[in-house]
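I opened my notebook today to look at ring contacts and strand neighbours in one chain. Here is the structure I had on screen.

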Amino acid sequence: MVDDWGYLQKQTFALCTPKPSPGCDPAARDVRWAAGKEHELRGKVVWVTGASSGIGEELSYQLAKLGALLAISARREDELQRVKKKCLQISSLSENDILVLRLDLTDRSSHEAATNSVLKHFGKIDVLVNNGGRSQRSLFVDTNLDVYSAIIELNYLGTISLTKYVLNHMIQRKKGKIVTVSSVMGIMGAPLATGYCASKHALQGFFNSLRTELTDYPEISIIQICPGPVQSQIIQNVFTENLAKSLENSGDQSHKMPTDRCARLTLVSVANDVKEAWISDHPYLAVCYLWQYAPTWAWWLMNKMGKKRIQNFKSGIDADASYSRKRK
């Protein structure tokens, strides 16, 4: 099994930068000071959106074990109650330590009231985890434009709308963390996900710009998490070529990173105020570096990988199956 360095190459560089040690090799730095800092989240009020499944659900469980106070949100209140029940079973939290709050990110008129509900219950919000959103599996030429409108409304506008209300509170307190679960698709481009990539690129640009507007508030952190493929229900709920159609076959997901590992590395990054974390297996991590430092090579490689991705999709298997390492 690949150790943390395989997943945290981008963020361990950032983590080690503030605390350099003599002769510290970038490929073999000691990050023991970083791991374990997530226990500092104990007692913090953390609001997680998209908490009814996938990464958001797993983050809720791990935060509960750490002793964080939780507000969990999604559209499906029954699923949120299920998540809350398990959180109570696996932690020392009490009933009042977890607030279930139904939230539709596309209903922007409800976001101020939702924020006030969390503040009324806990008195503060220390961390907002923007995790709600949906992916996409369709070719642009086959996809209705209203699908793109829905993707942007949910993934981008819904996220920055909620952020606006929570950030006002954090500015009053002069501290807090805004964590956004973006994607490696916010760094690169890939077929079958043109709208999804666009929404994640928009989030990357927005939060990188927002960070520069908050220099007077050094204790407010803007953190972007960029996972690669993860074992979650996101594929079962993707946008397709039209809004009424669901994905017929999501394929085998076992080759992807386990959700609990992604959540664990996310919390390590959050606790250490890492501005941007790439959490992924290869080849996606390698492609991220190529896209950053050698874009011409990245374009060439993505043309090769993209062609295979489309072939996989049309064959009814997971789009990323053939070039991902099978997990034992």
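My entries on rings, charges and strands follow.

**Entry 1: rings.** I am working with a predicted model, so I keep that in mind throughout. I searched the whole structure for aromatic pairs and got six. One of them is Tyr156 with Phe206, an edge-to-face pair with 6.3 Å from centre to centre and 80° between the planes. I then checked where the two partners sit in the chain. Tyr156 belongs to helix 6 (residues 145–173) and Phe206 to helix 7 (residues 194–213), and with the two positions 50 residues apart, the pair links distant parts of the chain.

**Entry 2: the neighbour of that pair.** How are the rings of Phe206 and Phe207 arranged? Their centres are 4.9 Å apart and their planes stand at 90°, so I noted this pair as edge-to-face, the cut-off being over 60 degrees. Ring pairs thus tie Tyr156, Phe206 and Phe207 into a cluster.

**Entry 3: accessibility.** Is Phe207 buried or exposed? Phe207 counts as buried because its relative accessibility is 0%, and buried means under 20%. For Phe206 I read 24% relative accessibility, so Phe206 counts as partly exposed.

**Entry 4: charges over rings.** I looked up two lysine or arginine contacts with rings here. The charged end of Lys86 sits over the ring of Tyr61, at 4.4 Å from the ring centre. For Arg134, the charged end sits over the ring of Phe239, and the distance to that centre is 3.8 Å.

**Entry 5: strand 4.** Next I turned to strand 4 (residues 127–130) and asked which way its side chains point. Val127 and Val129 point one way, Leu128 and Asn130 point the other way, and all are buried. That fits what I expect, because side chains in a regular strand alternate between the two faces of the sheet.

**Entry 6: strand partners.** Which strands does strand 4 pair with? Strand 1 (residues 45–49) runs parallel to strand 4 and is joined to it by three bridges; in this pairing Val48 stands opposite Val129. Strand 5 (residues 176–181) also runs parallel to strand 4, with four bridges between them, and here Asn130 stands opposite Thr180.

**Entry 7: the connection.** Last, I followed the chain from strand 4 through helix 6 to strand 5, and the three make a right-handed β-α-β unit. Helix 6 is also where I found Tyr156 of the first ring pair.

Terms used. Residues numbered from 1 in each chain as written. Predicted model: local features only at pLDDT ≥ 70, side-chain atom pairs only at ≥ 80, totals over all residues. Heavy atoms only, no water. Phe/Tyr/Trp six-rings, centres within 6.5 Å; stacked < 30°, edge-to-face > 60°. Buried < 20%, exposed > 50% of the residue type's maximum accessible area, 1.4 Å probe, protein only. Lys NZ or Arg CZ within 6 Å of the ring centre and 35° of its normal. Pairing = 2+ DSSP bridges. Right-handed = clockwise from strand over helix to strand, strands pointing away.
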